[in-house]
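Biologist: Let's go through this model together. Can you keep the answers plain?

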Amino acid sequence: MSLPDAWRAARPPVAGLHLDNAACSRQSFAALDAAARHARHEAEVGGYVAAEAAAPVLDAGRAAVAALAGMPDAEVVFTTGSLHALDLLLGSWPGGRTLACLPGEYGPNLAVMAAHGFARRPLPVDGDGRASVDEAAVRLAADPPDLVHLTAVASHRGVVQPLAEMAGLCGELGLPLVVDAAQALGQIDCAVGADVTYTSSRKWLAGPRGVGAIAVRDELMQRLRPRLPPPDWVSSLPVARRLELGEANVAARVGFSVALGEHLALGPAQVRARLAEVGRATRTALADVRGWRVVEAVDEPSPITTLAPLDGADPDAVRAWLIRERRIVTTAAGVERAPLELTAPVLRVSPHVDTTTEELEAFAQALAEATAASRGDGR
């Protein structure tokens, strides 16, 4: 069975056309069943006993995150998602409060950075918003920040950042590299050995909502200073355990761990290659749809296609029409996604490995109809 057929067969039939995996992908039967079995086990023996029994599955999930991040010796902590992971990290940061990040940084990340008192310095980028490694080398060497934060693939645009090159540069300069892989893990190669990599479950890895993970190199982990509980209360607990303290949806963590195992079993390289192929097909199919401009180059190695509106097209209205009239799910991304860079809302299309050429052609036709209907001009 081909990769697209295997991926689709492993999931419940889709109700319409799902082109929104950059927001939330579709879970497999195996991930759903594993989470449900754990929830039932909690009802049978109690939540804490069930959590102890699930330890091997959760440990396998942690190991999978570390492997996909190229950090086999890192400690991995489950979180409720990517934003929670960044909040835990910056709230526990042991050093100074300056960081370098992209001008197109995710809006909620910027809010977390500000809340923890971090001063931002922009990384140099080209016209596509991609980090310029040579210019960054000069700037970072001349005035090094306390850390470099790199969002490997943005929320508002499918441009893949030069992750490996930036990891090499930060290593040469002795700068901690923190990678936001929320949109990247599962669609591009993130095994670059950063100092910190954090991610969510629900996007390209197709796990449940409400769970994520952060992988931290051991040396840095030992220097973190978690806010709660105070260290003199729990001095015997390891730092990673302190970060993970608190209420948790263990069933979701179990489902995430199973989804990670499925991703590894399919072959991450094969998945990435197929997603890049789907991205090329999507941008080709949408290149001539009236009212929109495809932002990414056709060969950008990402499945995400961003459509910038022309002639008054309204991403919010078009998204609503597509759901209501065709049961097609996309994302309307507002300027809050990247408030330092994005100047107008865009429409984001993000198919997974199972999307067919016929479905993309049908979507292109539906998009044209939705655009005309939203403007009320019949064009």
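**Burial, domains and salt bridges**

Modeller: In α5, the buried residues are S82, A85, L86, L88, L89, L90 and G91. Buried means under 20% relative accessible area, exposed over 50% and partly exposed in between, with a 1.4 Å probe and protein chains only.

Biologist: How many of the residues of helix α5 are buried?

Modeller: In α5, residues 82–91, 7 of 10 residues are buried, which leaves the helix mostly covered. Helices (H or I, at least four residues) and strands (E, at least two) are DSSP runs, numbered from the N terminus.

Biologist: And the ground rules for the model?

Modeller: This is a predicted model, where local features need pLDDT of at least 70 and side-chain atom pairs count only at pLDDT 80 or more, while totals for chains, interfaces and linings use all residues. Residues are numbered from 1 along each chain as its sequence is written, and side-chain values use heavy atoms, with hydrogens and water left out.

Biologist: Where does UniProt place the N6-(pyridoxal phosphate)lysine?

Modeller: The unreviewed UniProt entry places that modified residue at K203. UniProt positions are in the numbering used here, feature names are shortened, and annotations may be inferred rather than shown by experiment.

Biologist: Is K203 buried or exposed?

Modeller: K203 counts as buried because its relative accessibility is 10%. K203 sits in the loop between β7 (196–200) and β8 (212–216).

Biologist: What does K203 touch?

Modeller: Leaving out residues up to four places away in sequence, K203 touches N21, A22, A23, S25, A182 and Q183. Contact means heavy atoms within 4.5 Å. With A22, a polar atom of the K203 side chain lies 3.0 Å from the backbone oxygen.

Biologist: Changing topic. How is the chain divided into domains?

Modeller: There is domain 1 (3–26 + 267–377) and domain 2 (29–266). Those bounds come from an automatic or database domain assignment. The domain centres, taken over C-alpha atoms, are 26 Å apart.

Biologist: How many residues are in contact between domain 1 and domain 2?

Modeller: 38 residues of domain 1 are in contact with 34 residues of domain 2. The area buried between the two is about 2,900 Å², and carbon and sulfur atoms give 57% of that. Buried area is the accessible area (1.4 Å probe) that two parts lose on being put together, summed over both.

Biologist: What about polar contacts and salt bridges there?

Modeller: Between domain 1 and domain 2, 18 residue pairs are in polar contact, both residues at pLDDT 80 or more. A polar contact is a pair of N or O atoms within 3.5 Å; within protein, one must be able to donate a hydrogen and the other to accept it, and residues adjacent in sequence count only if both atoms are side-chain atoms. The rule finds 2 salt bridges across this interface. A salt bridge is a side-chain nitrogen of Lys or Arg within 4 Å of a carboxyl oxygen of Asp or Glu.

Biologist: How many salt bridges does the structure hold?

Modeller: The structure holds 17. R26 pairs with D354, with the closest N and O atoms 3.7 Å apart. That pair links distant parts of the chain, 328 residues apart: R26 is in the loop between β1 (17–18) and α2 (29–45), and D354 is in the loop between β13 and α14 (357–375).

Biologist: Are R26 and D354 buried or exposed?

Modeller: R26 is buried, at a relative accessible area of 14%. D354 also counts as buried, at 9%.

Biologist: What about E341 and R157?

Modeller: Their side chains meet in a salt bridge at 2.7 Å, N to O. E341 lies in the loop between β12 (331–333) and β13, and R157 in the loop between β5 (147–151) and α8 (163–173), so the pair ties together parts that are 184 residues apart in sequence. E341 is partly exposed at 24%, while R157 counts as buried at 14%.

Biologist: Last one. Where is G61?

Modeller: G61 lies in helix α4 (residues 55–68) and counts as buried at 0% relative accessibility. Neighbours within four places in sequence aside, G61 is in contact with S257 and L260. S257 is in helix α11 (residues 250–266) and counts as buried at 7%.
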